[in-house]
Amino acid sequence: MADIDELRNRMDEVTLEMIELLKTRTEIAEKIGELKKSIGKGITDEKREDNLRAKVIKLCKELEFDESIATKFLNFLLNESIKVQSGNKQTHLSIFLKAKSLEQQGKKIIHMEVGEPDFMPPQIVKKALEEVFNKGFVKYGQSKGMPSFREALANYVTKKFNAKVTQDNIIVSPGARFSIFTAISTLLNPGDEMIVIEPAWPAYKDCALNAGIKVRTINTTLEEKWEPSVEQIRNVINQNTKLIVLNYPNNPTGKILPEKLQDNIVEIARENNLFVLSDEIYSEYAKKEWKSILSYNYDKSIITQSFSKSHAMTGFRIGYAIADKKIIEKMSKLEALCLTNVSEPIQYVAMKALEADISNNTNTVQNRLNVLEQKAKDLGLDFVSPDGAMYLFARINQEGFDGVKFANDTLEKGLAVAPGEGFGDYKNFIRISACQEEKTLIDGMNILGNIMSENR
Ligand code: PMP
């Protein structure tokens with residue numbers, strides 16, 4: 001008995017020592033965070049992290065200690081450092097909120113920061129809203145979604161993407177965002193790692209951080225046409241790596257990967273038994289040949305889709321995920337816990353929206369992107385011509401350019417754009433959305449041009 005007490009006391013002591021060390025580590029992280037801020041450096045430094053990871057692995061070998069536990073613990077520590085350094089990063093959302101409050105004070109703002117089509121949902125949606133009450137879609141339902149809606153979605157997906165999908169492969173969610181959250185939170189465990197290719201929509205990283213998962217960032221560049229290399233991906237994979245996120249057509253770059261490269265990435269995922277979370281909500285706005293991850297028949301893939309962009313139904317909060325039945329079951333448990341089920345009336349309305357012809361939306365967005373691209377060329381912005389989606393991700397080649405400061409300055413002049421920093425380490429970039437009428441886009445780009453020449 002005495003032995004166990006002694007050991008337990010020793011264990012308590014070690015734990016308390018670890019807490020003291022954790023405090024010291026956190027304080028150092030805070031100081032580093034302040035320095036990074038003052039010199040304008042991004043939070044995550046993959047090289048530094050890699051160095052430390054290598055040191056930890058070397059130590060484990062010397063100590064003959066389990067590498068996997070040690071690196072998971074390291075991932076926890078790295079994430080804690082990211083949390084204390086994260087502060088209040090400005091993204092398209094913070095600019096949007098600031099623009100809204102300026103509007104309340106009577107200022108006119110052109111919104112080229114948000115990713116929200118300005119056009120209305122299909123007409124059939126209005127009719128569905130009127131009839132849903134009498135149809136009786138007003139009760140609790142299955143957490144995965146109404147069987148009739150899932151059946152309709154399965155048929156829609158099967159036809160559209162030429163894939164074999166049944167309703168067991170579908171979960172309805174309040175927007176693609178929630179499917180991304182449930183997929184990441186249920187398929188991975190704290191300490192696991194997932195790969196995000198940047199520039200990227202920020203929620204993937206935020207979901208990971210929330211769930212204690214370590215993100216391995218792959219930085220792509222304009223010079224490399226926003227394409228990750230196979231080596232970059234292979235280099236970050238280790239025994240803790242569990243998932244890779246893909247998002248093509250991409251927000252913010254509009255990129256669609258060359259087919260061969262996409263094939264290679266899926267092959268690497270297969271070889272390493274990784275989940276592939278493919279966020280395909282911009283598929284309707286592809287301007288060139290695009291291949292859904294569904295077409296690979298990979299049983300560890302999760303595809304997220306939404307009515308937000310394709311059907312201009314952002315405010316309805318409705319989307320869905322397509323995956324293997326076992327994955328859907330896991331996601332559905334968390335969805336049931338969080339929200340019982342997605343609102344039945346909204347599911348009914350979305351089911352009706354599937355009948356609408358949305359090709360006009362596709363044409364509208366593609367034409368607007370063309371207009372935006374032409375204006376950006378005239379202004380001499382640096383960008384890769386978008387293959388799809390609703391955005392232009394442009395570099396402003398001016399000495400000391402800071403996207404956050406610029407986005408705040410342009411607001412004063414009546415134009416809202418999104419700072420590149422919200423999508424990764426892209427301080428000298430801005431994202432411009434093609435979500436307004438062509439004339440408004442031209443007005444917005446003219447304001448942008450004026451500010452650029454003032455700053456010159
Ligand atoms: N994925 C990407 C890439 C997005 O840009 C967005 C919204 N801007 C979402 C998902 C979220 O979509 P939803 O409205 O369906 O939640």
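**Salt bridges, enclosed strands and a surface patch in a predicted model**

In this predicted model, lysine 427 and glutamate 421 are joined through their side chains in a salt bridge, with an N to O distance of 3.1 Å. Lysine 427 is partly exposed at 27% relative accessibility, and glutamate 421 is likewise assigned as partly exposed, with a relative accessible area of 23%.

This pair belongs to a wider set, since a search of the whole structure finds 35 salt bridges. One of the contacts joins glutamate 284 to lysine 160, where the closest N and O atoms are 3.3 Å apart. Glutamate 284 is placed in the loop between S6 and S7, whereas lysine 160 belongs to helix H6 (residues 147-161), so the pair ties together parts that are 124 residues apart in sequence. The two partners also fall into separate accessibility classes: glutamate 284 has 18% relative accessibility and, because the cut-off for a buried residue is under 20%, counts as buried, while lysine 160, with a relative accessible area of 37%, is partly exposed.

A further salt bridge is found within a single helix, where the side chains of glutamate 373 and lysine 377 meet with an N to O distance of 3.8 Å. Both residues lie in helix H13 (residues 359-378), and their spacing of 4 residues corresponds to about one turn of the helix. Glutamate 373 counts as buried, its relative accessibility being 8%. Salt bridges also link Glu46, Asp50, Arg53, Glu193 and Arg216 into a network.

With regard to the chain as a whole, the secondary structure comprises 15 helices and 11 strands. For 456 residues, a compact globule would be expected to have a radius of gyration near 23 Å, and the value of 24 Å found for the chain agrees with this expectation. Along the principal axes, the C-alpha atoms fill a box of roughly 75 × 60 × 45 Å. Of the 456 residues in the chain, 54% are buried. Valine 230, which is placed in helix H9 (residues 230-236), counts as buried at 19% relative accessibility. The C-alpha atom of valine 230 is separated by 41 Å from that of asparagine 450, a residue 220 positions away along the chain.

Strand S6 (residues 275-279) has 5 of its 5 residues buried, so this strand is largely enclosed by the rest of the structure. In a regular strand, side chains alternate between the two faces of the sheet. In S6, Phe275, Leu277 and Asp279 point one way and Val276 and Ser278 the other way, and all of these residues are buried. Strand S5 (residues 241-246) pairs with S6 in the parallel sense over 4 bridges, and within this pairing isoleucine 244 has valine 276 of S6 as its bridge partner. Together with helix H10 (residues 259-271), S5 and S6 make a right-handed β-α-β unit. S6 is also paired with strand S7 (residues 301-306), again in the parallel sense and over 4 bridges; here valine 276 stands opposite serine 301 of S7.

Strand S9 (residues 391-395) is also largely enclosed by the rest of the structure, because 5 of its 5 residues are buried. Its side chains are divided between two directions, with Tyr391, Phe393 and Arg395 pointing one way and Leu392 and Ala394 the other way, and all are buried. S9 pairs with strand S11 (residues 429-433) in the antiparallel sense over 5 bridges, and the bridge partner of leucine 392 in S11 is isoleucine 432.

On the surface, Val14, Met18, Phe73 and Phe76 form a nonpolar patch that has about 340 Å² of accessible area in total. Helix H1 (2-38) and helix H3 (67-86) are the elements that contribute two or more residues to the nonpolar patch. Valine 14, one of the residues of the patch, is found in helix H1 and is partly exposed, with a relative accessible area of 32%.

Definitions and conventions. Residues are numbered from 1 along each chain as its sequence is written. This is a predicted model: local features need pLDDT of at least 70, side-chain atom pairs count only at pLDDT 80 or more; totals for chains, interfaces and linings use all residues. Side-chain values use heavy atoms; hydrogens and water are left out. Buried means under 20% relative accessible area, exposed over 50%, partly exposed in between (1.4 Å probe, protein chains only). Two strands pair if DSSP finds at least two bridges between them. A crossover is right-handed if, with the strands pointing away from the viewer, the path from the first strand over the helix to the second runs clockwise. Patches are made of residues with over 30% relative accessible area and no salt bridge: like charges are joined within 9 Å, nonpolar side chains (Val, Leu, Ile, Met, Phe, Trp, Tyr) within 5 Å. Accessible areas come from the Shrake-Rupley method with a 1.4 Å probe; for residues, only the protein chains shown count as cover. A salt bridge is a side-chain nitrogen of Lys or Arg within 4 Å of a carboxyl oxygen of Asp or Glu. The radius of gyration is taken over C-alpha atoms; the globule rule is 2.2 Å times the number of residues to the power 0.38.
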